[in-house]
Amino acid sequence: MAKEKPLLSIQNVKKVFKTRDGELEALGDVSFDVHPGEFVSIVGPSGCGKTTILKIVAGLLAKSAGVIHVDEKQFDPTRDVGFVFQAASLLPWRSVLDNVLLPIEILRMDKAAMKTKAAELLGLVGLRDFEDSYPNELSGGMQQRVSIARALIHDPKLLLMDEPFGALDALTRAHMQESLMEIQNELGNTVIMITHDVDEAVLLSDRIVMMTNGPAATIGEILDIKLERPRNRVELADSAEYNHYRAAVLKFLYERQRNPESNDSSSTPDDAESAGEDRLLHVVKGTEAA
Ligand SMILES: Nc1ncnc2c1ncn2[C@@H]1O[C@H](COP(=O)(O)OP(=O)(O)OP(=O)(O)O)[C@@H](O)[C@H]1O
Ligand SMILES: [Mg+2]
């Protein structure tokens, strides 16, 4: 992988939201580079600012300070970006097929010529027979799969995905992960994906960006995942290297959540070992009542 010139360089980005209760500093100081063809995952506790970063990168939200440098020789940030939002965000008055074709219309590309590709992508996400359906006729997970097909329709060089598989059942999720690895291998897209799923992050990523708790969230650690590709989830389950990475991410998330003041990752709480991983994941996802 070419490491010389980043596709995207995020430097000291800060975000302050103005709220009814005053100012909220969501992002303190966030810096990382993304290289061409790289798959970068962002993990971190709920509310730490992951979506905020992705929206700033996509130009959907203004940053309060810092610089985002884009190598415009490598890609055009107005055309070559695909975004999968945390919620499916389909247009309810358009059919599934016309939702997938939306970026083609916006970019004034040839819509008729892209219909076959849209149908292929719908096949890829398991919705071959739903081209003419409307979003309100689909389940939440199906809607999310339409939005994944929509994000891929114009072969984006940079794919930004905000918990793209969060609403899917385990089997569909695994299938979508495989498809994403194949697509990325074939097209060489650069991907930034937010996920709460540690296994998904390790399986898919070249690097995992781990964020600290907000407010004023920042990057705690960046983990290089040096597992060979193509990757096979069944083989990896028994791999010591894979399990080492997995444990490193869990340890980071767990310690920061339990001990947000601490930047010292060696300070494991005494009862850390006894906590079940299920609970841990709930804590990480923010789905467990405090
Ligand atoms: N438009 C907004 N106005 C005010 N505050 C906001 C706005 N958007 C986000 N925030 C705040 O910024 C912080 C980060 O939000 P963000 O959505 O980026 O978190 P996240 O890491 O994506 O969380 P999750 O994992 O739950 O999706 C939160 O405290 C949130 O309340
Ligand atoms: Mg989010």
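**Note on the predicted model and its ligand shell**

1. Among the elements of the protein chain, strand β3 (residues 39-43) has the highest mean pLDDT, at 98, while helix α10 (residues 277-285) has the lowest, at 40. This is a predicted model, and over the protein chain as a whole the mean pLDDT is 88, with 87% of the residues reaching 70 or more.

2. A reader new to the structure should take care with residues 263-290, over which pLDDT stays under 50 and for which the model has 25 contacts beyond four places in sequence. Where pLDDT is low, the predicted coordinates should not be read in detail.

3. Ligand 1 is surrounded by 15 residues, and the closest of these are F17, S46, K50, T51 and T52. By class, the shell around ligand 1 divides into ten polar residues, four nonpolar residues and one charged residue.

4. Which elements each supply at least two residues of the shell around ligand 1? They are the strands β1 (8-19) and β2 (22-34) together with the helix α1 (50-58), and the largest share, three residues, comes from α1.

5. Helix α1 deserves a separate look, for K50 and T52, which are among the residues closest to ligand 1, are also buried, as are I53, L54, I56 and V57 of the same helix. Just after α1, G59 takes a positive phi of about 80°.

6. Strand β6 (residues 158-162) is mostly covered, since five of its five residues are buried. In a regular strand the side chains alternate between the two faces of the sheet. In β6, L158, L160 and D162 point one way, whereas L159 and M161 point the other way, and all of these are buried.

7. How many bridges join β6 to strand β5 (residues 81-84), and how many join β6 to strand β7 (residues 190-194)? Four bridges join β5 to β6, and these two strands run parallel; five bridges join β6 to β7, which likewise run parallel. Individual partners can be followed in the model: V81 has L158 of β6 as its bridge partner, and L160 has I192 of β7 as its bridge partner.

8. The connection between β6 and β7 may be read together with helix α6 (residues 170-187), as β6, α6 and β7 make a right-handed β-α-β unit.

Conventions
Residues numbered from 1 in each chain as written. Chains lettered and ligands numbered in written order. Near = placed C-beta within 6 Å. Nonpolar A, V, L, I, M, F, W, Y, C, P; charged D, E, K, R; others polar. pLDDT = per-residue confidence, 0-100. Contact = placed C-beta atoms within 7 Å. Buried ≥ 20, exposed ≤ 12 C-beta atoms within 10 Å, placed from the backbone. Pairing = 2+ DSSP bridges. Right-handed = clockwise from strand over helix to strand, strands pointing away.
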